[in-house]
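Open the model in your viewer and keep the sequence panel beside it. The tour goes from the whole chain to single residues, one selection at a time.

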Amino acid sequence: MPRALWLLIIGMAVNVTGSSFLWPLNTIYIHDHLGKSLSVAGVVLMLNSAASVIGNLYGGSLFDKIGGYKSIILGIGITLAALIGLTFWHGWPAYIVFLTIIGFGSGVVFPAMYAMAGTVWVEGGRKAFNAIYVAQNLGVAVGAALGGIVADYSFQLIFLANTIMYIIFLLIAVFGYKGIATASAKPITSDTDGPVVKNRNNLQALLILCLGYLLCWVAYVQWSTTISSYTQEINISLSQYSLLWTINGAIIVLGQPLLNGVLKRLSSSLKLQMLIGIGIFIVSFIVAGKANAFSGLLVAMIILTIGEMFIWPAVPTVAFNLAPKGREGFYQGIVNSTATGGRMIGPLLGGIIVDIYDISALFIVLIGLFIIAIVTTLIYDRTLKTKMVSGTIRGQM
């Protein structure tokens with residue numbers, strides 16, 4: 001891998017380590033420490049995610065206009081300012097304000113990081129996006145493990161730890177990213193229907209795919225919102241809950257060689273890869289729905305992790321291959337904003353369902369969402385003249 005990609009990997013790992021001190025515990029903090037209902041907690045997290053959606057779209061477009069370095073520095077600056085504020089003022093309603101600003105700032109950073117990864121190692125294909133994905137989950141493993149320990153001691157230190165990690169991320173970006181060239185290396189390809197038609201079809205295909213991607217995230221985010229609160233009801237400690245995310249990240253980091261071996265054996269397209277992942281997600285939520293102790297949730301988390309290893313890196317890869325030259329940032333912004341949209345809708349939807357019905361009803365709804373996601377994944381590329389089957393497999397192994 002190029003040196004520039006390694007710098008992006010390190011920065012992403014540090015960034016996510018910091019944020020993972022807080023995000024798995026947000027619902028618990030709002031519900032148990034600030035005394036608000038799950039529905040209110042869902043609204044707060046929805047505002048954070050809504051701001052992040054705007055940040056994703058803005059950051060992706062900004063990447064195409066001013067490059068990755070300036071976009072990332074701007075996002076870090078906004079986020080760091082809000083984190084400093086949150087360190088000193090984390091009561092109600094200051095928590096809402098700062099968490100919303102953090103959502104926007106971090107939203108600017110992520111599509112720029114993904115687009116930069118794709119442009120610095122175009123020939124790597126899936127490998128570049130998978131490397132960033134693994135770095136994210138290494139951060140989740142480390143941050144969640146430390147976050148649970150710190151939270152058991154003092155929740156206030158969580159905010160300070162997040163801030164310190166973001167300062168380190170800022171230093172990495174300032175001294176490491178300035179010289180990274182982000183001009184698109186993708187060739188300009190001809191198309192008999194003209195670039196406008198081609199680009200419109202590609203965008204349409206991405207939007208259809210992202211509909212299913214959003215539904216998968218609506219379900220996935222329940223693990224850090226409604227399910228996290230449910231763990232407290234069945235007497236699972238914060239340290240045990242954080243351990244689930246540590247295991248999640250560890251499996252993703254350590255399981256990459258095995259995953260690549262499976263993908264080679266299947267000779268799979270990215271479409272098949274995503275369909276397998278969604279099917280595994282369904283199994284995970286069936287297991288989680290029947291769990292009433294830590295062991296059951298542990299098994300469900302392991303299955304969930306295998307599913308996300310198939311899906312999450314595949315969608316940015318498809319987006320990069322669909323993107324016209326010079327629009328990589330915008331397409332990555334769509335993908336990231338879709339994921340964030342799922343994180344925005346998920347907590348509110350889950351909170352309302354659990355408040356009105358119960359956790360069992362929530363699992364039934366989530367499985368229904370996965371079935372819809374299977375349909376959108378099956379049909380997303382039907383309008384393309386060249387199907388995204390052999391094309392997207394390029395460079396992924």
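**The whole chain**

Start with everything selected. A compact globule of 397 residues would have a radius of gyration near 21 Å, and the protein chain has 20 Å, so the two agree. This is a predicted model. Along the principal axes, the C-alpha atoms fill a box of roughly 60 × 45 × 35 Å.

Switch to a cartoon view. The protein chain has 16 helices and zero strands.

Now show the surface. About 15100 Å² of the protein chain is accessible, and 70% of that belongs to carbon and sulfur atoms. Of the 397 residues, 59% are buried. Among contacts with a separation of 6 or more, 86% join residues 24 or more positions apart.

**Helices H3 and H4**

Select residues 38-66, helix H3, and residues 68-88, helix H4. These two helices pack at an angle of about 145 degrees, and their axes are 7 Å apart. Which residues of H3 and H4 make the contact? From H3 they are Tyr58, Gly59, Leu62, Phe63 and Ile66; from H4 they are Gly68, Lys70, Ser71 and Leu74. Sorted by type, the contact of H3 with H4 has five nonpolar residues, three polar and one charged.

Stay on H4 and select Leu83, which is found in this helix. Is Leu83 buried or exposed? Its relative accessibility is 3%, so Leu83 counts as buried. Leaving out residues up to four places away in sequence, Leu83 touches Ile102, Asn162, Thr163 and Tyr166. Measure from the C-alpha atom of Leu83 to that of Ile101: the separation is 8.9 Å, for residues 18 apart along the chain.

Follow the chain onward into the loop between H4 and H5, where Pro93 is found. The peptide bond from Trp92 to Pro93 is cis, with omega near 10 degrees.

**Helix H2 and its neighbours**

Go back to residues 26-33, helix H2, and show the side chains of its buried residues: Asn26, Thr27, Ile28, Tyr29 and Ile30. What do the buried residues of H2 pack against? They pack against H3, helix H5 (94-120), helix H7 (156-176), H9 and helix H10 (238-254). After H2 comes Gly35, which has a positive phi, near 75 degrees.

**Around helix H9**

Move to residues 226-233, helix H9, and pick Thr231 within it. Thr231 has 0% relative accessibility and therefore counts as buried. Not counting residues up to four places away in sequence, Thr231 touches Ile236, Tyr241 and Leu297.

Next, select Asn235 in the loop between H9 and H10. Phi of Asn235 is near 60 degrees, a positive value in a residue other than glycine. Asn235 counts as exposed because its relative accessibility is 70%, whereas Thr231 is buried.

**The aromatic rings**

Colour the aromatic residues. How many aromatic pairs does the structure hold? There are 18. Zoom in on Tyr213 and Trp312, which form an edge-to-face pair with 5.5 Å centre to centre and 80 degrees between the planes. This pair links distant parts of the chain, as its members are 99 residues apart. Tyr213 is in helix H8 (residues 195-220), and Trp312 is in the loop between helix H13 (294-311) and helix H14 (314-322). Both residues are buried: Tyr213 has a relative accessible area of 7%, and Trp312 has 6%.

Widen the selection to the cluster that ring pairs link together: Tyr213, Trp217, Tyr220, Trp245, Phe281, Phe285, Trp312, Phe363 and Phe370.

**Last stop: helix H15**

Select residues 328-356, helix H15, and find Leu348 there. Leu348 counts as partly exposed, because its relative accessibility is 22% and the cut-off for buried is under 20%. Which residues does Leu348 touch, not counting those up to four places away in sequence? They are Ser39, Gly42, Val43 and Met46. For a final distance, take the C-alpha atoms of Leu348 and Leu38: they are separated by 8.1 Å, although the two residues are 310 apart along the chain.

Technical notes. Residues numbered from 1 in each chain as written. Heavy atoms only, no water. Axes fitted to C-alpha atoms, helices over the stretch in contact; angles between N-to-C directions. Helix = DSSP H or I, 4+ residues; strand = E, 2+ residues; numbered from the N terminus. Contact = heavy atoms within 4.5 Å. Nonpolar A, V, L, I, M, F, W, Y, C, P; charged D, E, K, R; others polar. Rg over C-alpha atoms; globule rule 2.2 N^0.38 Å. Buried < 20%, exposed > 50% of the residue type's maximum accessible area, 1.4 Å probe, protein only. Areas by Shrake-Rupley, 256 points an atom, 1.4 Å probe, with all protein chains shown as cover. Phe/Tyr/Trp six-rings, centres within 6.5 Å; stacked < 30°, edge-to-face > 60°.
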